[in-house]
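Trainee: I would like to learn how to read burial, packing, pockets and backbone angles in a model of this kind. Could we go through them one feature at a time?

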Amino acid sequence: MTTKTSELLAAAAPRTAAVVQGISDDQLGLPTPCPDYTVRDLLNHLFDVVVNFQDLARRREVDWSAKTDHLTEGWRERFATEAVRLAEAWSDPAALEGVSPGMGLPQETVGQMALIDLTVHGWDLARATGQRLEVDPSVLAEGHGFMDRMGDTGQKMGAFGEPVPTSAEPTTLDALLGRTGRDPAWTP
């Protein structure tokens, strides 16, 4: 059984996992397009995303304040495994029904948040470490749809920065990055 959300997560997960796999230990202290995050910080945040959003798919509350260093032995492989589990957690149609008890948002929106985090933070890590992230066109389309619905709210809540104007075509990754407050031309 699959859902549109699980299919999109399954398309995004291996691409972000490949970026994570390509990060060397000596790159962990590098800056990222997220001003307050080093590569290590952002990897730990993204680990929290792929683990916590599994629980959110099951309507369990999560503690975002817990700060765990996930970068212990085998962290690259564990990330790939958890990213696959994230897609699997959203494959049950019941995961998309109702309102999230922990977040107070429609479950479908919560699943889309996981997709945005996986994609945009995948790009952040790729850019910070000299890699490329190729994003599936269906993931981009969903990301733009999410930003149409939730971009202003996300910005007010501090999840996104001020939009960065770009000259990119409206359906591209660069345009999506700009909408989330990232400068697609950012360099370390």
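Trainee: Let me begin with a single residue: is Thr129 buried or exposed, and what is its relative accessible area?

Mentor: Keep in mind from the outset that this is a predicted model. Burial is read from relative accessible area, with under 20% as the cut-off for buried. Thr129 has a relative accessible area of 9% and is therefore buried, and its place is the loop between helix H4 (107-128) and helix H5 (137-156).

Trainee: Which backbone atom lies 2.7 Å from a polar atom of the side chain of Thr129, and which residues does Thr129 touch beyond four places in sequence?

Mentor: For a polar side chain in a buried place, one looks for polar partners and then for the surrounding contacts. Here the partner is the backbone oxygen of Leu125, 2.7 Å from a polar atom of the Thr129 side chain, while the contacts, once residues up to four places away are set aside, are Ile23, Gln27 and Val39.

Trainee: Which residues touch the most other members of the largest nonpolar core?

Mentor: A core can be read as a network, in which one asks who has the most partners and which elements contribute. The largest nonpolar core has 52 residues, and those touching the most other members are Leu43, Phe79, Trp90, Leu118 and Leu125. At least two residues of this core come from each of helix H1 (4-21), helix H2 (39-57), helix H3 (75-89), H4, H5 and helix H6 (173-179). Leu43 illustrates the packing: apart from neighbours within four places in sequence, Leu43 is in contact with Val20, Ile23, Leu28, Leu71, Trp75 and Leu125.

Trainee: What is the volume of the largest pocket, and which lining residues are the closest to its centre?

Mentor: A pocket is described by its volume, by its lining and by the elements that supply that lining. The largest pocket has a volume of about 1,000 Å³, and of its 36 lining residues, His45, Asp117, His121, Gly158 and Ala159 are the closest to the centre. The elements that give two or more residues to this lining are H2, H4 and H5, with the largest share, six residues, coming from H2. By class, the lining of the largest pocket is made up of 19 nonpolar, ten polar and seven charged residues.

Trainee: How much space lies in the second largest pocket, and which element supplies the largest share of its lining?

Mentor: The second largest pocket holds about 210 Å³ of space, and the largest share of its lining, three residues, comes from H4. Among the residues that line this pocket are Trp123, Arg127, Glu134, Leu140 and Asp174, and the lining as a whole has six nonpolar, two polar and four charged residues.

Trainee: How many cavities of 30 Å³ or more does the structure hold, and which residues line the largest cavity?

Mentor: A cavity is read in the same terms as a pocket, except that the probe cannot get out of it. The structure holds one cavity of 30 Å³ or more, and the largest cavity contains about 50 Å³ of space. The lining consists of Ala11, Ala12, Arg15, Thr16, Thr119, Leu133, Glu134, Val135, Asp136 and Val139, and H1 gives the largest share, four residues.

Trainee: Turning to the backbone, what is the phi of Arg59, and where is Arg59 placed?

Mentor: Most residues other than glycine have a negative phi. Arg59 is not a glycine, yet has a positive phi of about 65 degrees. Arg59 sits in the loop between H2 and H3 and is partly exposed, with a relative accessible area of 31%.

Trainee: What is the C-alpha separation of Gly98 and Arg59, and which residues does Gly98 touch?

Mentor: Separation along the chain and separation in space should be read together. Gly98 lies in the loop between H3 and H4, and although Gly98 and Arg59 are 39 residues apart along the chain, their C-alpha atoms are separated by 9.5 Å. Not counting residues up to four places away, Gly98 touches Arg59, Leu105, Pro106 and Gln107.

Trainee: As a last case, is His70 buried or exposed, and which residues does His70 touch?

Mentor: His70, found in the loop between H2 and H3, has 15% relative accessibility and so counts as buried. Beyond four places in sequence, His70 touches Asn44, Phe47, Asp48, Trp75 and Arg78.

Conventions
Residues are numbered from 1 along each chain as its sequence is written. This is a predicted model: local features need pLDDT of at least 70, side-chain atom pairs count only at pLDDT 80 or more; totals for chains, interfaces and linings use all residues. Side-chain values use heavy atoms; hydrogens and water are left out. Buried means under 20% relative accessible area, exposed over 50%, partly exposed in between (1.4 Å probe, protein chains only). A polar contact is a pair of N or O atoms within 3.5 Å; within protein, one must be able to donate a hydrogen and the other to accept it, and residues adjacent in sequence count only if both atoms are side-chain atoms. Contact means heavy atoms within 4.5 Å. A nonpolar core is a set of buried Ala, Val, Leu, Ile, Met, Phe, Trp, Tyr and Cys residues joined through side-chain atoms within 4.5 Å. On a 1 Å grid over the protein atoms alone, a cavity is a set of points where a 1.4 Å probe fits but cannot get out, and a pocket is an open set with protein on both sides within 12 Å along at least five of seven lines; lining residues have an atom within 4 Å of a point. Grid points are joined across faces, edges and corners, and a volume is the space filled by probe spheres set on the points. Ala, Val, Leu, Ile, Met, Phe, Trp, Tyr, Cys and Pro count as nonpolar, Asp, Glu, Lys and Arg as charged, and the others, Gly among them, as polar.
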